[in-house]
Amino acid sequence: MKFSGLLTAALAAMLVIMVPAAAIAGAPTDRVRLAADKVISILKDPALKPKAKEAERRAKIMKAVRDVFDFEEMAKRSLGQYWRQRSDAEKKEFTDLYADLLERSYINRIESYSDEKIVYSAEKVDGDFAVVPSKFITKRNEEITADYKLMQKGGTWFVYDMVIENVSLVNNYRIQFNKIIRTSSYEELVRKMKNKRESEALAAPGADAGK
């Protein structure tokens, strides 16, 4: 299974699987479970199941995701050395594009959840940083390891990276972003991200509605 597929499965699992009662949990794991509870509630809400409610349903899911993911920290780490060179306005723009990229990539998988399982191991906490190891079990009984990295800000834990089968989401994006910047420019990276967002928005179901 390719990294993108592993990442999709693990991200969806973290957001929509209930943590078993026997799991060893602490504050970081509880944060993951809280996000899971919110998403499950949205997915099961009969009022949000109709096609006409898709936009509202997805907006609620993404709010739950944003409550636990620190997209600014993820964007900063994914951009690496080039983050310091950006203005405040550029940092905000890039963070929004980055969050939108992740949300569009995984929303369909989250909505298609159906009885996959995840088992959490004992979390590891070191000051304001923590790792929540887990094992995602597919319907084919395949096991995928996924570690969720969290950091504490203002007394609250936020996810800032995911390591799927020993491959970091942040590092994976950093390699891709840095390659584009080195061979072209930061402006070209932003242009590509905007173009991808626009093309996928046009291809989305219902995009032609009202025309």
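Two cavities of 30 Å³ or more are counted in the structure, a cavity being a set of points, on a 1 Å grid over the protein atoms alone, where a 1.4 Å probe fits but cannot get out. Grid points are joined across faces, edges and corners, and a volume is the space filled by probe spheres set on the points. The model is a predicted one, in which local features need pLDDT of at least 70 and side-chain atom pairs count only at pLDDT 80 or more, whereas totals for chains, interfaces and linings use all residues. Residues are numbered from 1 along each chain as its sequence is written, and side-chain values use heavy atoms, with hydrogens and water left out.

The second largest cavity has a volume of about 30 Å³. Its lining, defined by residues with an atom within 4 Å of a point, consists of R31, L34, A35, K38, A64, D67 and V68. Helices α2 and α3 each supply at least two of these residues, and α2 gives the most, with four. Helices (H or I, at least four residues) and strands (E, at least two) are DSSP runs, numbered from the N terminus.

Helix α2 spans residues 27-44, and its 18 residues reach 26 Å from the first C-alpha to the last, close to the 26 Å expected at 1.5 Å a residue; the expected span is 1.5 Å times one less than the number of residues. Ten positions of this helix can be listed by burial, where buried means under 20% relative accessible area, exposed over 50%, and partly exposed in between (1.4 Å probe, protein chains only). The buried residues of α2 are P28, T29, R31, V32, A35, A36, V39, I40, I42 and L43. Of these, R31 and A35 also belong to the lining of the second largest cavity.

The structure holds 16 salt bridges, each being a side-chain nitrogen of Lys or Arg within 4 Å of a carboxyl oxygen of Asp or Glu. One of them joins the side chains of D67 and K38, with an N to O distance of 3.4 Å. Because D67 lies in helix α3 (residues 54-68) and K38 in helix α2, this pair ties together parts that are 29 residues apart in sequence. Both residues also appear in the lining of the second largest cavity. D67 is partly exposed, at a relative accessible area of 28%, and K38 is likewise partly exposed, at 36%. D67 forms a further salt bridge with K63, the closest N and O atoms being 3.4 Å apart. In this case the two partners both lie in α3, four residues apart, about one turn of the helix. K63 counts as exposed, at 52% relative accessibility.

A salt bridge is also found in helix α5 (residues 88-111), where R104 and D100 are four residues apart, about one turn of the helix. Their side chains meet at 2.7 Å, N to O, and R104 counts as partly exposed at 22% relative accessibility. Elsewhere, D70, E73, R77 and K153 are linked in a network of salt bridges.

R77 of this network is also in contact (heavy atoms within 4.5 Å) with V170. V170 lies in helix α6 (residues 169-183) and counts as buried, at 2% relative accessibility. Leaving aside neighbours within four places in sequence, the contacts of V170 are M74, R77, S78, Y98, Y160 and D161. The C-alpha atoms of V170 and A75 are separated by 8.0 Å, although the two residues are 95 apart along the chain.

The strands are described next by their pairing, two strands being paired if DSSP finds at least two bridges between them. Strand β3 (residues 129-137) pairs with strand β1 (residues 117-120) in the antiparallel sense over four bridges, and the bridge partner of Y120 in β3 is S134. Strand β2 (residues 124-126) runs antiparallel to β3 and is joined to β3 by three bridges; here D126 has F129 as its bridge partner. The hairpin formed by β2 and β3 has two residues between the strands, and G127 in the turn has a positive phi of about 65°.

Strand β4 (residues 143-153) also pairs with β3 in the antiparallel sense, over nine bridges. F129 has M151 as its bridge partner in β4. Five residues lie between the strands in the hairpin of β3 and β4, where N141 takes a positive phi near 70°. In a regular strand the side chains alternate between the two faces of the sheet.

Conventions: 1 Å grid on protein atoms, 1.4 Å probe; cavity = no way out; pocket = protein on both sides within 12 Å on 5 of 7 lines; lining within 4 Å.
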